[in-house]
Amino acid sequence: MKKKSLAAVLSAAMVMGTIVSAATPMTVMADDPEEITWMFWDDLEATQDLISLGYADVIDRFNTTYEGQYHCTPITTNLEEYDGKVNALIAAGQTPDLWICNPGPNMDVYVKAGVAADLTDILQKDNPDWYDSFTDGIFERMTYDGKIMAVPTNFAAACVYYNTEIFKDAGVEVPTTYDELIDVCKKLKDAGYTPISCSAGTAWCLSMIAGYLCDRSGVDLGAIADHTADWTDDNCIRAGERLKELSQYFQDTAAGDSNDQATANFYNGDAAMLVQGSWAIAQMNGSNPDFESRCGVFQFPGIPEENDPNRMIVKTDNLLMSASTEHQDAVIALMKMFTDEEAQKYTAEVGGKFPIIRDVEIDYNKAPAQLKYVQDIMQNVTGTLGFYNESLDSVEAGDCFDNAMVDIFLGNQTPEEAFQTVEDFYNENVWTE
């Protein structure tokens, strides 16, 4: 299999982007504590996202708890620029001591290049109580050749959020099948509402919907990976046709709207539905607390007789430690604080995401209402899948898929042409020996 090396990825990142500078440095204590950096994809000073504010609290708690011994300075940016700026820092020899990372190919490049530290012994031998505190199976997508390469901070599932008042006003019910979803969209549009808010300007948002449509249409990524199936098969084309059909019900500005703008359209009442992960609960409730009582949740509808309708897109946010850090003890202490009971209770009760440790009691009277809705949906889950751009052969393969879905939405390519583009990429880069 041919894959781009990390060196090529990082070289491109240096050409395309400037190296990010740290957020306003915190004052270093007089007795010169060990200084570490942690890189994150949000501005901790300006954000209203409740998960991000929880992370900021962890950093403040860490600096207070270890005053005079350790000190962490966050390096912050925004989600769209995050990967490029992390890569630029690594290429410049300024690798953060700790950084957040999506699973799948985004993590693969750091593991294969030896940039991320092996955490297996740190967890299993040196800190067995810490390791045993995690939920069973949570390290599965973070394990490479038996080595644990990351620590998760939370768990989220992708669902459809809907405005209960708009649904009531338009006289529509929650759809359980794709055909019902289209019917609901038609009735919402006829009633004068924008049915769905989606960002095609942030390709992974559109790609998440496409991933669900592919899965619901019976696309098997395992079969594609070993080339017993093709991207040009009928089920892929059907998924592309359904994406094109559904996208006519997006807001008029979907092509240029960012993820944040599309989410704001929904929580400000400008659209009836939003397909997003439970990570968006913190953003919605932090930006518009009054909206929580009007926000319902349902699972992405199934397609009868094509595939299991109870599979869900899920993901974790993960912490990678630099293999070259000179402050391993400080980094481990910070990772432990991100995953301790205080941080995990906040994750659920304020942020609306699922904790990744076992023994944490969640008060659902305090937690966002949407979290309980998502948990109820999770009770019937029969299988999980990742984001398509995090589940394919490489970062480049994920980008190719994302861009092809955007081309379908924009009308630049037919579904047949778009999936042929992905097929051609796999023929040239993946299925070759």
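Author: Buried means under 20% relative accessible area, exposed means over 50%, and partly exposed falls in between. The model here is predicted.

Reader: Is Asp215 buried or exposed?
Author: The cut-off for buried is under 20%. Asp215 has a relative accessible area of 2%, so Asp215 is buried.

Reader: Which residue forms a salt bridge with Asp215?
Author: The closest N and O atoms of the pair are 2.8 Å apart. The partner of Asp215 is Arg311.

Reader: How many residues apart are Arg311 and Asp215?
Author: Start again from the salt bridge between Arg311 and Asp215. Arg311 sits in strand β10, residues 311-321, while Asp215 sits in helix α9, residues 203-216. The pair links distant parts of the chain, and the separation is 96 residues.

Reader: Why does Arg311 count as partly exposed?
Author: Buried needs under 20%, and exposed needs over 50%. Arg311 falls in between, because its relative accessible area is 23%.

Reader: How many salt bridges does a search of the whole structure find?
Author: The bridge between Arg311 and Asp215 is a salt bridge in this model. A search of the whole structure gives a count of 15.

Reader: Asp340 forms a salt bridge with which residue?
Author: Asp340 lies in the loop between α14, residues 328-338, and α15, and its partner lies in helix α2, residues 50-65. The two are 279 residues apart, so to speak of distant parts of the chain is fair. The closest N and O atoms are 2.9 Å apart, and the partner is Arg61.Reader: Is Arg61 buried or exposed?
Author: Asp340 has 23% relative accessibility, so Asp340 counts as partly exposed. Arg61 has a relative accessible area of 19%, under the cut-off of 20%. Arg61 is therefore buried.

Reader: Which residue forms a salt bridge with Glu306, and where does it lie?
Author: Glu306 bridges to Arg242, with the closest N and O atoms 2.7 Å apart. Glu306 lies in the loop between β9, residues 295-298, and β10, so the pair ties together parts that are 64 residues apart in sequence. Arg242 lies in helix α11, residues 234-247.

Reader: What is the relative accessible area of Arg242?
Author: Glu306 is partly exposed at 26%. Arg242 is buried, with a value of 14%.

Reader: Which residues are joined into one network by salt bridges that share partners?
Author: Arg242, at 14%, is buried. Shared partners make one network of Arg61, Asp340 and Glu342.

Reader: Where is Asp145, which has a positive phi although it is not a glycine?
Author: The phi of Asp145 is about 50 degrees. At 82% relative accessibility, Asp145 counts as exposed. Its place is in the loop between β4, residues 143-144, and β5, residues 147-148.

Reader: What is the phi of Glu305?
Author: Glu305 is in the loop between β9 and β10. At 85% relative accessibility, Glu305 counts as exposed. Glu305 is not a glycine, yet its phi is positive, near 70 degrees.

Reader: Which helix gives the most to the largest nonpolar core?
Author: Nonpolar side chains tend to be buried together in soluble globular proteins. The largest nonpolar core here has 88 residues, and Trp231, Met273, Met284 and Tyr426 touch the most other members. The top contributor, with nine residues, is α9.

Reader: Which residues does Trp231 touch, leaving out those up to four places away in sequence?
Author: Trp231 is among the core residues that touch the most other members. Its contacts are Leu221, Ile224, Cys236, Tyr388, Leu392, Phe401, Phe419, Val422, Glu423, Tyr426 and Trp431.

Reader: How many residues are in the second, separate core?
Author: The largest core has 88 residues. The second includes Tyr82, Trp99, Ala116 and Leu119, and its size is 60 residues.

Reader: How are α17 and α18 oriented to each other?
Author: Helix α17 covers residues 395-410, and helix α18 covers residues 415-429. Their axes come within 9 Å and cross at roughly 170 degrees. Angles over 145 count as roughly antiparallel. The two helices are therefore roughly antiparallel.

Reader: How many nonpolar residues are in the contact of α17 with α18?
Author: From α17 come residues including Phe401 and Met405, and from α18 residues including Phe419 and Tyr426. The contact has one polar residue, one charged residue, and a nonpolar count of 12.

Reader: Is Ala348 buried or exposed?
Author: Ala348 is in helix α15, residues 341-349. Beyond four places in sequence, Ala348 is in contact with Lys353, Pro355, Ile362, Ala367, Pro368 and Leu371. Its relative accessible area is 0%, so Ala348 is buried.

Conventions. Residues are numbered from 1 along each chain as its sequence is written. This is a predicted model: local features need pLDDT of at least 70, side-chain atom pairs count only at pLDDT 80 or more; totals for chains, interfaces and linings use all residues. Side-chain values use heavy atoms; hydrogens and water are left out. Helices (H or I, at least four residues) and strands (E, at least two) are DSSP runs, numbered from the N terminus. Buried means under 20% relative accessible area, exposed over 50%, partly exposed in between (1.4 Å probe, protein chains only). Contact means heavy atoms within 4.5 Å. A salt bridge is a side-chain nitrogen of Lys or Arg within 4 Å of a carboxyl oxygen of Asp or Glu. A nonpolar core is a set of buried Ala, Val, Leu, Ile, Met, Phe, Trp, Tyr and Cys residues joined through side-chain atoms within 4.5 Å. Axes are lines fitted to C-alpha atoms, for helices over the stretch in contact, and angles run from 0 to 180 degrees between N-to-C directions. Angles under 35 degrees count as roughly parallel, over 145 as roughly antiparallel, 65 to 115 as roughly perpendicular and the rest as oblique. Ala, Val, Leu, Ile, Met, Phe, Trp, Tyr, Cys and Pro count as nonpolar, Asp, Glu, Lys and Arg as charged, and the others, Gly among them, as polar.
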